[in-house]
Amino acid sequence: MTVSAAVRSRKAAIAAGKEARPGSGRASRRRSGGRRVPRRSAIPYAFLAPGFILFVALIIYPMIRAFQMSFYDWRIVAGATSDFIGWQNYVTAFHDRIFWRSLANSGAYMLFTVPPQIALGLFVASLLRAKAPGQGLYRLLFYIPVVTSWVVVSLLFQYLFADAGLVNYVLHGVHATNGHTSWLSGRWTAMVAISALGVWKGIGWSMMIFLAALQGVPRDLEEAAAVDGAGRWRRFRTVTVPAIWPALTFVTVMLVIGGFNVFTSVLLMTGGGPADQTQVLLTFMYEQAFKFLQFGYGSAIAALLTVLVFVLSVIQLRIFRNRETS
């Protein structure tokens, strides 16, 4: 073989090697079916970064800081030393009868408000599912309480359930009561008034979630069940409910979390009174931290509430998941 032939052979081998490389244009296009493999971009992370930073700064960091404060006799006076007391704030909470009463009131509020919001929201959503004149207006009317300020509606219901308020006037007018009921002066009557506000304000939210879920239920399944002789209730139970099960799970979990986080309505309507009879966990925490300046004790109550809500959420998700797969 001559030198020129050897050189040409060498160049041909190099060219063939480049062409066969995975990174070369033809080979890579052949292996990817003629499509270029997209490269990872930092642009999505740049869009996510502001929200993530705000989430860490406004949610994660305060939670960690509050949990740290719960182990101290925390003092906010400049130059004062906060003494480390370990689990003492948690021990104090477990021996505090007002804490247990606040927990019971929060649980009662949750039980009084969650089932009605689910049942009424689903009922209204079922009525508004069918196309009818004025459907948009009815949706708006039911949703207005959701976007109305908690302060405004709390003051409104405080007036409605006052001793000389509209509720007593109506009940006395129809002879449902002999005299005027002091709704906001007793523990359970006040909880009824506060729960009525929670149900009235929350129906529109659950209605919108259920309405969106109901619109995704296949009509042919309902029609097939009707042809098979299934009544309206049986179609609802065997066709509609399984189809909207994820929405039902979401609404239930969120409403339970919201029930244990009731705060503004109690603070404005009763202030936790009389004699701490209507305290809930958040108003009790707020009072300990900002009225008595027991920030360590208030942080311990907040930590206990966080653990309680987390455990309840996990239990609910498992129950709903097991029912869905069964």
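Which residues in the largest nonpolar core touch the most other members? They are Phe99, Ile118, Phe210 and Ile244, in a core of 39 residues. The model described here is predicted.

**Nonpolar cores**

Several helices build the largest nonpolar core. Two or more residues each come from helix 4 (88-94), helix 5 (97-129), helix 9 (187-214), helix 12 (245-260), helix 14 and helix 15. Helix 5 provides the largest share of this core, nine residues. A second core, separate from this one, has 15 residues, among them Tyr109, Phe157, Ala193 and Val280. In soluble globular proteins, nonpolar side chains tend to be buried together.

Phe99 gives a closer view of the largest core. Leaving out residues up to four places away in sequence, Phe99 touches Ala93, Leu281, Phe284, Tyr297, Ile301 and Leu304.

**The largest pocket**

The largest pocket has a volume of about 510 Å³. Its lining consists of 19 residues, and those closest to the pocket centre are Ala66, Ser299, Ala302, Ala303 and Thr306. At least two lining residues come from each of helix 3 (43-69), helix 14 (281-291) and helix 15 (295-325). Helix 15 contributes the most, with eight residues. By residue type, the lining holds 16 nonpolar residues, three polar residues and no charged ones. Helix 14 and helix 15 thus appear in the pocket lining and also among the elements of the largest nonpolar core.

**Aromatic pairs**

Across the whole structure, 18 aromatic pairs are found. A pair of aromatic rings is described by the distance of the centres and the angle of the planes. Two of the pairs share Phe161 and are set out below.

| Pair | Arrangement | Centre to centre | Angle between planes |
|---|---|---|---|
| Phe157 and Phe161 | stacked | 6.1 Å | 25 degrees |
| Phe161 and Trp183 | edge-to-face | 5.4 Å | 80 degrees |

The pair of Phe161 and Trp183 links distant parts of the chain, 22 residues apart. Phe161 sits in the loop between helix 7 (150-160) and helix 8 (166-173), while Trp183 sits in the loop between helix 8 and helix 9. Phe157 and Phe161 are both buried, and Trp183 is buried as well. Phe157 is also one of the residues of the second core.

Elsewhere, ring pairs join Phe67, Phe71, Trp87 and Tyr90 into a cluster.

**The loop between helix 13 and helix 14**

Most residues other than glycine have a negative phi, and most peptide bonds are trans. Which peptide bond is cis in this model, and what is its omega? The bond joins Gly273 and Pro274, and its omega is about -5 degrees. Pro274 is in the loop between helix 13 (264-269) and helix 14.

Ala275 lies in that loop between helix 13 and helix 14. Its phi is positive, about 55 degrees, although Ala275 is not a glycine. Asp276 is also placed in the loop between helix 13 and helix 14. Phi of Asp276 is near 60 degrees, again a positive value in a residue other than glycine.

How exposed is Ala275? Its relative accessible area is 65%, over the 50% cut-off, so Ala275 counts as exposed. Asp276 has a relative accessible area of 22%, which lies between the cut-offs of 20% and 50%, so this residue counts as partly exposed.

**Helix 12 beside helix 15**

Thr249 belongs to helix 12, and Gln316 belongs to helix 15. These two residues are 67 residues apart along the chain, yet their C-alpha atoms are separated by 8.0 Å.

Is Thr249 buried or exposed? With a relative accessible area of 12%, under the cut-off of 20%, Thr249 counts as buried. Gln316 also has a relative accessible area of 12% and is therefore buried by that cut-off.

The contacts of both residues can be listed with neighbours within four places in sequence left aside. On that basis, Thr249 is in contact with Leu317 and Phe320. Gln316 is in contact with Thr252, Val253 and Val256. Helix 12 and helix 15 are also both among the elements that give two or more residues to the largest nonpolar core.

Note on methods
Residues numbered from 1 in each chain as written. Predicted model: local features only at pLDDT ≥ 70, side-chain atom pairs only at ≥ 80, totals over all residues. Heavy atoms only, no water. 1 Å grid on protein atoms, 1.4 Å probe; cavity = no way out; pocket = protein on both sides within 12 Å on 5 of 7 lines; lining within 4 Å. Points joined across faces, edges and corners; volume = space filled by probe spheres on them. Nonpolar A, V, L, I, M, F, W, Y, C, P; charged D, E, K, R; others polar. Core = buried A, V, L, I, M, F, W, Y, C linked by side-chain atoms within 4.5 Å. Buried < 20%, exposed > 50% of the residue type's maximum accessible area, 1.4 Å probe, protein only. Contact = heavy atoms within 4.5 Å. Phe/Tyr/Trp six-rings, centres within 6.5 Å; stacked < 30°, edge-to-face > 60°.
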